[in-house]
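Thanks for making the time this morning. I would like to walk you through one model, moving from single residues up to whole chains, so please keep the sequence and the view in front of you.

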Amino acid sequence: MTGTGQWRIGIDVGGTFNDLVAENLATGRRVFHKEPSVPSDPSLAVQRGMTGLLDVAGLAPGDIGAVMHGTTLALNTILQRQGARVAAVVSRGNRHVFEIARAQLPAAIDFTHGREEPLVPADRVFETEARIGADGTIVAAVDDAEMDRLADDLRRAGAEAVAVMLVNSYRHPALEAEIAEALTRRLPDLPFVASAAIWPEAREYERGLLAALNASIRPLMGAYFERLTSRLGELGIDAPLFITTNNGGTVSLQTALDRPIDTVLSGPAAGVTAAIDTAPSEAGDNLVTFDMGGTSADMSIIAGRAPELTSAARVGDFPIMLPVVSVTAIGAGGGSILWRDAQGVLKIGPESAGSDPGPIAYGRGGTRPTITDCYLATGIVDPARFLGGRMALDGAAAAAGLAALGRDLGLEGDEDVAARAAHAGLRVATAMMGVDLSKLLARRGLDLRDFTMVAYGGAGATHAMMLAREAGLSRVLIPGAPGTFCALGASIARIQRDFVASLGHLLGTGKANAGLPVKAALDRLSQEAATWARGETAGDAGAPRISAMVRARFPDQAYDLELEFGADALTRRDAAGLERLILDAFHDRHRTLYGFEDRATPVLAGLLRVTVTIPAERPASPRPEPAKTVPTEHRRVWDGAWLDAHVLDRASLPPGARITGPALLEQPDTTIWIVPGWTGEVLPDGNLMVTQDAGDAAPGLRRPAEHAS
Amino acid sequence: MTLNSFDLEILRHKTVAAAEEMGLTLLRSARTIYVREVADFATALVGLDGKPFAYPSDLGLSAFVDLDLKATLERTGPLREGDVILSNLPYANGGLSTHLPDLQLVRPIFVGGELIAYGWAMAHTSDIGGGVPSSISPRFSDVYQEGLQLPPVRLMKEGRMDEDLLSIYLANCRSPETNLGDVRAMIGALEAGGRRLTEIAGSHGTEAILSFQTALREYAAEKAKAVLRQIPNGSYDFRDYLDHDFVSNVPLRLKLRLTAKDGTVDLDFAGTDPQVASAFNLPTAGERHPYLTLRLLQLIGTADKTVPMNHGALSSVTTQTPPGSIVNPDYPAACGVRHAVMLRLMDLVSGALLTACPGIVPAAGGGTVLPVVLAETDATTGRRKSAVIQSIIAGGGAREGGDGVDGRESGMSNTRNSPIETTEDAAPVRVELYGLRPDSGGPGRFRGGLGLVYRIRMLKPDLAILARGLERFRFAPWGAAGGRSAPPCRVILNEGTDRERDITRIDILPVAEGDTLTFMTPGGGGYGDPFARDPEAVRRDVARGFVSAASAEQDYGVILTAAGDVDVDATETARADAFDRAHTGFDFGPERKLWESVMDDATATRLNAALGHLPASARTTRRRLILEAAIPALAGDTLSLADSLRDPGAVRSLLLPLIENLEAEHGAAA
């Protein structure tokens, strides 16, 4: 997937900063850069960031082999409802499909909750007589006169883009395509998106919505990619551009133009990709990511080094049924506001100060203390060194705000009120995060003790050990550059895409050819996937790898089991072998979940998802930059009492160095807070592993030599 | 309180999460469709007094925050570590269950030999025996027909399963494997809760857990009381009706007097009709019951999102339920379809609250949930199988400041619908129409939410449709503060053909291949004067097909041009001409007005008082005979009262002597 250059660039666009990383594929060397965002023209920030990165790394445009870009443009367009004015053509009787949605309210108990404003209101939805039966046969065909009328309707409605969604099109995509073509002939300037062409899975609202979302964001995305390509061209960069996707992979610019909906939740997914790929073996195979930035915090569960995909993700009001790396926002983030209720109890959130006005310390007009302010008032973060000193914070204002809140909460005394209020805030916030983590694991029946936390984002490493201590995790991994970890994930991402087919076949009936339809669908999707993958790379990359997921259930049950199959399991299986493979996996899983198996009853295979991946070359592990010697300082940190914490520059620590808390490690993109009773060790690849001490370890730093002695 | 406020908040988060972990554990491994698809389950951590202190914030049913284990614990006596109590009989567990398929499990939590709390889990299981598959039919007249009755018994003793008891239970279920899976899932949930609370006690101390149970309830009580203080001191009466009890055609009345005083609220249901000989009874054991107080809990939770959801939130609420009535029936009255009563109780409490304090809650919602079940006979095995093909809900009531929600209603189970494609894949039907029902929202300055319209065509012979708990066919969802009532529910067989027929009640309806069945649920009542509605909102409703141009003109006084824009001048004129709308209170719709022209409050209350001298189980029959004698049409199945009550005076002259006779009987007896 690369041009001639040895360097691959990863870019992650955030609300406050764009993060960039350059990685040398031969040496493993990595260079990081942060550039302030330009919300009015995101491509300008990318151009500036790229200039800055080339400068810091000392690279020429020709050294760049590929640019891997994560963008939040699709996400923001949907959240802010700024996409094109989209209309829809649906089957007769279905005009209100976007109004009814799934008939669910956001909260059961609150009777002031309304329903969401539909993406396509009913006055822009038009009905066609064309209809497909549940078995995929055509009940009513496309009528030319009706197409004339629909074209008139669409024109009158002022449509800028159109989604076509027929009931049961997932069983017969051609009819939708026929309508889209017939209408394109009549309205050649309008983009039409057929729902089954985006994702042919049952559930008409979700599928129609995907088509409508895709149609609505495509024009803006197209314009952005055009500007971006031309700006990179101005810098002399002509390396191919790839866009990261919801499933943790990446696709070519052309695919992203056709299917921008695949990029909508790519940002958090890239961090998960980075965690899976860069966590050293010391971290084990079970990871929980903790991505905490200035405004929010996310977690993701990675069992067995595989990302968890969900088909129940949401963007604002809308469900996204595409496979998306499962990332969950948790109860408290850096921007969460601390307040006192009428009964005098300290509460945190759900309101967030966001990045504007942000915490009090940002000095942008925020007046209510946030979690970020608590780091300053407790002494964990040094206001002068935030982001390596690039963004001065007002620590005194943060402390004053927290002192006022503390007195309001009945804390007495003068000197320590701010620190004590901040500490109470951190305790409550940490408890909130801890229970969210417990619930994530409980939902899956997993045991926390088997997991290592990977902490990143601007505040991930600051809060991680407090959270781990609270939740009962004993290992935390801090990457070399946690502040730009998602950009690293973008640069690492492999070309990957998912394909789906609805099945509806019974397996285990004892009939000879029961596995044939599944085998046929697997072959068809595999071929489609491989053809697509080769087109992404102009054929110069490795052979595509195909993995699959089958959703299956007993016919009389309402719930499915998702069965994953790796490439090895699938190769060279005939229909009967495939049937056996699926049945064995199903019954095994059923026994694990429900305590018994029932091999006499046939199993209904409902859906097949195929994932194609092009394996990417991975550079050698980066060699840490040579350590600089910087004198150790001390700072006091309130953790229930004033503690004397060692303060070190992380860059001064060679592999093998051990630091026992209370200690603070400073680096340009974050502060690492090692709580008392925990010890960090610099691993050979530069990652920092922080673990809970077994016994009593004396606080302070032991360099490798001291450690050895 | 002995805890500091920071620890209170931290323990609140931790214990609520523990209750949620219980729910997640149950959800992950339960097998019944009710748990998995309709979220018909609940979990909580319960204090030593039998009242919950930690309840999930958004998982499973929100309805049981006000539960009480007192009766269960009294019945079983002191528990030992590892005991698990099982029950399902409302008449033996103090109304903890409300019908037999709901299994209730309770497990004590000990730390270091000291009892510190109880775990509680409940799930609606697939079947508990009785006269029909899934154990619920509106026709049943007592709980013996509804399945196996389980008073509180020890399913596990000190960690060991009572296999004898378990095998009796499983022998009485039509789906023993599924039920066993559910029981195991519930036990798993209780164990998870116990484990987590023990961990929390490990880091905070058992003493902290015990004082926390009280402190958190007091905290909730203080917040809740601040909300309830909005209700001005005074007593407020309200009445609402169920169409009938299914086995007769006589309307049923629920009556409430809500008395508010400085944040305390008393709900007195005196005057509510006697228990019925069908499955519409709600056993509450005469105690404060979650279904009686649910609307108040929603009011509290809506007004202050920070109120911890626990028993304390309702500690300033008391209830009075007349023995032998629908809301406090005597054993063994059937109770399978008590859900319909619960929905009407929500309207009843809303109406009393609105009488006290305009704007405090929405007008009546559509108030019906319509689970459509299709039964088909398997051609090869000959076995009949049935499946829920859609759960059609109604529209929400409008409120001060906002339209009612279209096609959705808060306070219901709030689960997702069944997509057309899922339905058509699973059942031999074609869904020809699934939309918002035009003109079904009560007109108002804030429009009632629209109901739904759902039409299926049968693609195979020998099918049957089952639908239970159908309501609001006769008495409309009411509007408030000048807002209008919404059109009632309709179900039409073969709409638009010469075989068209209104279906007014369904137990099992046989249908032929090619038949269509159209379900129309009611919208919510409107709020405020419809002529004061923003004309632009009316225009948008017309453009989206929610309101017809005719209704815009008649009900809202908004005239649209041919292009669909608001004709400002014509609208102004139309609205100025409307001089006869000096209506600012409730609008109950035409049928209720007719009914109360005969059965006014005084008459109905007098009849119920006279019936009160009869044994509880005899009252409903006597009431029916008296009303059928006075209004012969009630003996048929026509819902409309228009023909039979054309001359209220004549009907009353028949009715009153019958009531006098009844009174005289008791006079003689005494």
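Let me begin with a definition: a residue is called buried if 20 or more other C-beta atoms lie within 10 Å of its own, exposed if 12 or fewer do, and partly exposed in between, with the C-beta atoms placed from the backbone. What we are looking at is a predicted model, in which local features need pLDDT of at least 70 and side-chain atom pairs count only at pLDDT 80 or more, while totals for chains, interfaces and linings use all residues. Residues are numbered from 1 along each chain as its sequence is written, and chains are lettered from A and ligands numbered from 1 in the order in which they are written.

With that scale, Arg622(B) has 17 C-beta neighbours inside 10 Å and therefore counts as partly exposed. Arg622(B) sits in helix α15 of chain B, residues 616-630, where helices are DSSP runs of H or I with at least four residues, strands are runs of E with at least two, and both are numbered from the N terminus. If we set aside neighbours within four places in sequence, Arg622(B) is in contact with Leu611(B) and Leu614(B), contact meaning that the C-beta atoms, placed from the backbone, lie within 7 Å. The C-alpha atom of Arg622(B) is separated by 9.2 Å from that of Leu662(B), which is 40 residues away along the chain.

Turning to chain A, is strand β4, residues 64-70, largely enclosed or not, and why? Six of its seven residues are buried, so β4(A) is largely enclosed by the rest of the structure. Strand β1(A), residues 7-13, runs parallel to β4(A) and is joined to it by six bridges, and β4(A) also pairs in the parallel sense with β11(A), residues 241-244, over three bridges; two strands pair if DSSP finds at least two bridges between them. His69(A) of β4(A) is the bridge partner of Ile11(A), and His69(A) also has Ile243(A) of β11(A) as a bridge partner.

A further sheet in chain A is open and mixed, with four strands in the order β29-β30-β32-β33. Its edges are β29(A), 633-638, and β33(A), 670-674, each with a single partner strand, so one side of each is left without a neighbour in the sheet. Strands β29(A) and β30(A), residues 642-649, run antiparallel and are joined by six bridges, and Arg636(A) has Asp644(A) as its bridge partner in β30(A).

Among the helices, α9(A), residues 266-278, packs against α14(A), residues 485-492, at an angle of about 80° with the axes 7 Å apart; axes are lines fitted to C-alpha atoms, for helices over the stretch in contact, and angles run from 0 to 180 degrees between N-to-C directions. That makes α9(A) roughly perpendicular to α14(A), on a scale where angles under 35 degrees are roughly parallel, over 145 roughly antiparallel, 65 to 115 roughly perpendicular, and the rest oblique.

Finally, the two chains meet through 54 residues of chain A in contact with 59 residues of chain B. On the chain A side, α12(A) gives the largest share, 10 residues.
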